[in-house]
Amino acid sequence: MTRCAFIIDRSLPQGLVANTAAILAMTLGMERPDLVGPDVRDADGNRHRGITSVVMPILAADAEGLKALRGRAASQEPAGLGLIGVTDAAQQAKSYDAYAARLAETPQEGLRYLGLCVHGPADLVRSLTGNLPLMK
């Protein structure tokens with residue numbers, strides 16, 4: 001069974017939390033289109049586009065917790081864990097090219113993660129995120 005969780009820096013303002021979640025979700029949808037259900041119709045026959053077929057909790061961590069979680073999650077990628085990250089390089093860039101250039105100049109240790117998405121085997125996702133609180 002596939003499980004998915006978003007983990008976002010709890011110190012971010014509400015708008016950046018929403019933006020970070022949207023970026024992670026968009027990339028997840030591209031990476032895992034199998035997690036999007038088929039289109040459905042309401043009682044009047046109107047089409048509603050498919051939405052996620054898995055629960056996607058939004059969890060909270062601080063900046064150091066995100067960095068540590070990213071390291072632990074990256075080590076689990078060979079076991080089938082998917083990992084998506086949004087860094088401050090994305091937040092500060094005015095274009096995708098500027099984002100790519102800034103990321104290319106910044107070593108891993110210098111990145112500040114705003115949010116992560118981990119997805120894959122339920123036991124792996126739970127082992128990494130089971131102790132994190134829901135974002136409130």
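# Notebook: a helix, a sheet and two aspartates

**Entry 1: helix α2 on the strands.** I started with helix α2, residues 63–74, which lies across β1, β4, β5 and β6. Against β6 I read its direction as about 35 degrees. A note to myself before going on: this is a predicted model.

**Entry 2: the overall picture.** I then stepped back to take stock of the whole chain. The secondary structure comes to five helices and six strands. Going along the sequence, I wrote down the pattern β-α-β-β-β-α-β-α-α-β-α. The C-alpha atoms fill a box of roughly 50 × 35 × 30 Å along the principal axes. Of the 136 residues, 35% are buried. I also looked at contacts between residues at least 6 apart in sequence, and 75% of these join residues at least 24 apart.

**Entry 3: the sheet.** In what order do the strands of the open sheet come? I read β4-β1-β6-β5, four strands with mixed pairing. The edges are β4 (58–61) and β5, each of which pairs on one side only. On average, neighbouring strands here are turned by 20 degrees against each other, with direction ignored. As a reminder to myself, strands of a sheet pair through backbone hydrogen bonds, either parallel or antiparallel.

Next I checked two of the pairings. β1 and β6 run antiparallel over seven bridges, and F6 has C117 in β6 as its bridge partner. β5 and β6 (residues 113–121) are also antiparallel, joined by six bridges. There, T87 has Y113 of β6 as its bridge partner.

Being an edge strand, β5 made me curious about its cover. How many of its six residues are buried? Five are, so I noted β5 (residues 82–87) as mostly covered.

**Entry 4: helix α1.** Helix α1 takes in residues 14–31, 18 residues in total. From first C-alpha to last it reaches 26 Å, close to the 26 Å expected at 1.5 Å a residue. Its buried residues are V17, T20, A21, L24 and L28. Why do I place them on the same side of α1? They cover an arc of only 100 degrees around the axis, and that puts them on one side. The general rule helps me here: an α-helix has 3.6 residues a turn, so residues three or four places apart point the same way.

What do these buried residues pack against? I found β1, β4, β5 and β6. On the face of α1 turned away from its buried side I noted the exposed residues G15, M26 and M30.

**Entry 5: helix α5.** I put the same kind of query to α5, residues 122–129. The buried residues of α5 are A122, L124, V125, L128 and T129. They cover an arc of only 165 degrees around the axis, which puts them on the same side of α5. The face turned away from that buried side carries D123 and S127, both exposed. Among what covers the buried residues of α5, I listed β1, β4, α2 and β6.

**Entry 6: D9.** I went back to strand β1 (residues 2–9) to look up D9, which is found there. Is D9 buried or exposed? Its relative accessibility is 1%, and D9 therefore counts as buried, the cut-off being under 20%. The side chain of D9 makes a polar contact with the side chain of R112, at 2.8 Å. Setting aside neighbours within four places in sequence, I listed the contacts of D9 as V17, A61, D62, A63, L66, R112, Y113, L114 and M135. One of these, V17, I had already met among the buried residues of α1.

**Entry 7: D62.** The contact list of D9 includes D62, so my last stop was the loop between β4 and α2, where D62 lies. At 38% relative accessibility, D62 counts as partly exposed, whereas D9 counts as buried. Which residues does D62 touch, not counting those up to four places away in sequence? I found D9 and R10. The side chain of D62 also reaches the backbone nitrogen of G65, at 2.6 Å. Finally I checked D62 against R112, the partner of D9 in the polar contact between side chains. D62 and R112 are 50 residues apart along the chain, and their C-alpha atoms are separated by 11 Å.

Note on methods. Residues numbered from 1 in each chain as written. Predicted model: local features only at pLDDT ≥ 70, side-chain atom pairs only at ≥ 80, totals over all residues. Heavy atoms only, no water. Buried < 20%, exposed > 50% of the residue type's maximum accessible area, 1.4 Å probe, protein only. Pairing = 2+ DSSP bridges. Polar contact = N/O pair within 3.5 Å; in protein donor to acceptor, adjacent residues only side chain to side chain. Contact = heavy atoms within 4.5 Å. Axes fitted to C-alpha atoms, helices over the stretch in contact; angles between N-to-C directions. Expected span 1.5 Å × (residues − 1). Arc of directions from axis to C-beta.
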